[in-house]
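Please work through the exercises below with the sequence and the model side by side, trying each task before reading its solution.

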Amino acid sequence: MDAKLLLPFPSAPAALHPAAAAAAPKTLFLGASLPLHPRTPPPFPLRLRPRPAVVVAQAAVKRRKEVPFDNVIQRDKKLKLVLKLRNILVTQPDRVMSLRDLGRFRRDLGLTRKRRLIALLKKFPGVFEVVEEGVYSLKFRLTPAAERLYLDELQLKNESEGLAVTKLRKLLMMSLEKRILIEKIAHLKHDLGLPPEFRDTICLRYPQYFRIVRMDRGPGLELTHWDPELAVSAAELAEEENRARAAEERNLIIDRPLKFNRVKLPKGLKLTRGEARRIAQFNEMPYISPYADFSHLRSGSAEKEKHACGVVHEILSLTVEKRTLVDHLTHFREEFRFSQSLRGMIIRHPDMFYVSFKGDRDSVFLREAYKDSQLVEKNKLVLLKEKMRALVAVPRFPRRGGAWTSEEAVGANGAAQLSNERSDEEYDDDEGLSDMEDLISELSGGKSDADYQWGDGWFGENDDAPPDFADDDSSPQEVKVTMKNADGSANGKAAVPVFPDGRPRERW
């Protein structure tokens, strides 16, 4: 047997001894003989992937439905339809239009199916009156009260031309290049209280402030004079007032405990700790004026979102009713460098804005300007709109003992009484009536097209057929008419025809 196998342990290797390790040669590098050539570029260019931009992650805030704001949209459904009809009517000579011509504007009115226009107009006796001129010729016009409100609105807009010019200047001062397409400004003309033809009026009357330039997609309005006194936002003015009020309270009250900075959230909105902390951190960021230069702000950063919120806040503060459509704001995405998800950005800040999903399109409200479905500060245009809403609410057949006329509706207390007749809960019940077609179905009693008999004022009718003045869409029913005296007895000489419910029947 080999002697090495008999040893209990083999001898230690030579590398463990220091002297042997020092004398042992080092291992050679096997790649030393390989030729090293400089790196040559590839024959074709490589497609490098762009580095993703750093985006500040924003925690989503769950949107909660708030009935007071939704009621503002719900109660203006009928008023919106009436204003569309009035805008079409005032373009006609003497503001008189035939029902046949009105049928050509069914797309502008949002009518996708044939409807009886005469029955629709009679639903608003305080605004429109249908008259017969000639043989089988039906026309409609504004009532005297509605005519007076329309003329007052035109006069008020002409008198407030200086305020409209200031709003246009502030809107241009907030833009990146100080110029905006006129067709984009036209989306906000009603919300800002601008005259209908603002391009041919105020844009040309004030060359010291504006000038019309040619842009790639049409004519645009450019700012010619920068006024530093106008470059003060409504949020900055409100902050100065709060500081002055706090200073007065500090001087009046002694040894008052310090106030903690609290985030004003809508009532009932439940947020997680992370969401509340994010809103608090966002409010603690330094304020960025909407009139400051924002070309250096990186898209997706917290600073850019702070600036975008300031721009939306300032635009809403310039509007008449402190609200507008979200789609109107998206038209200015290039001018103000808004993000693609503008609606999501607005929803992320429930302490400043509220987005309502009522109606055909979403609306955004300035939260601080409303209190229980009512504006805190109402200008003259809002008061005129409330009077118009009172005329729309005038019933065709008033209840016994509570007759309303057009003159009473536009009175001092008429608008308030008519607005209080329907509570907020009643407006909230109409969940499915959001578009114009559903509204007309509601006014028509929910009847379908098969229940209608054509030939009473709609386009394309037969000229030989006489017009039908029936109010209801169903077949006429027999109505029992009795003769009563003024004192209520059935016998007498001075008999007056009345309906079964006691309403007097007019004589022919």
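The following exercises concern a predicted model, and each task is followed by a solution in steps.

**Exercise 1.** Determine how the axes of helix H8 and helix H14 are oriented to each other, and which residues make the contact.

*Solution.* Begin by locating helix H8 at residues 161-174 and helix H14 at residues 302-318, whose axes come within 11 Å and cross at roughly 170°. Next, compare this angle with the cut-off, since angles over 145 degrees count as roughly antiparallel, and therefore H8 is roughly antiparallel to H14. Then list the residues in contact, which are Lys 167, Lys 170, Leu 171 and Met 174 on H8, together with Glu 314, Ile 315 and Leu 318 on H14. Finally, sort them by class, which gives four nonpolar, three charged and no polar residues for the contact of H8 with H14.

**Exercise 2.** Work out the order of the strands in the open sheet of three strands, and find which are the edge strands.

*Solution.* First, read the order as E7-E9-E8, in which the pairing is antiparallel. Next, identify the edge strands as E7 (323-325) and E8 (353-356), each of which pairs on one side only. The twist from one strand to the next averages 20°. To examine one pairing, take E7 and strand E9 (residues 363-366), which run antiparallel and are joined by three bridges; Thr 324 has Val 364 in E9 as its bridge partner.

**Exercise 3.** Find which strands H14 lies across, and at what angle H14 runs to E9.

*Solution.* Start from H14, which lies across E7, E8 and E9. Then take the direction of H14 against E9, which is about 85°.

Note on methods:
Residues are numbered from 1 along each chain as its sequence is written. This is a predicted model: local features need pLDDT of at least 70, side-chain atom pairs count only at pLDDT 80 or more; totals for chains, interfaces and linings use all residues. Side-chain values use heavy atoms; hydrogens and water are left out. Axes are lines fitted to C-alpha atoms, for helices over the stretch in contact, and angles run from 0 to 180 degrees between N-to-C directions. Helices (H or I, at least four residues) and strands (E, at least two) are DSSP runs, numbered from the N terminus. Angles under 35 degrees count as roughly parallel, over 145 as roughly antiparallel, 65 to 115 as roughly perpendicular and the rest as oblique. Contact means heavy atoms within 4.5 Å. Ala, Val, Leu, Ile, Met, Phe, Trp, Tyr, Cys and Pro count as nonpolar, Asp, Glu, Lys and Arg as charged, and the others, Gly among them, as polar. Two strands pair if DSSP finds at least two bridges between them.
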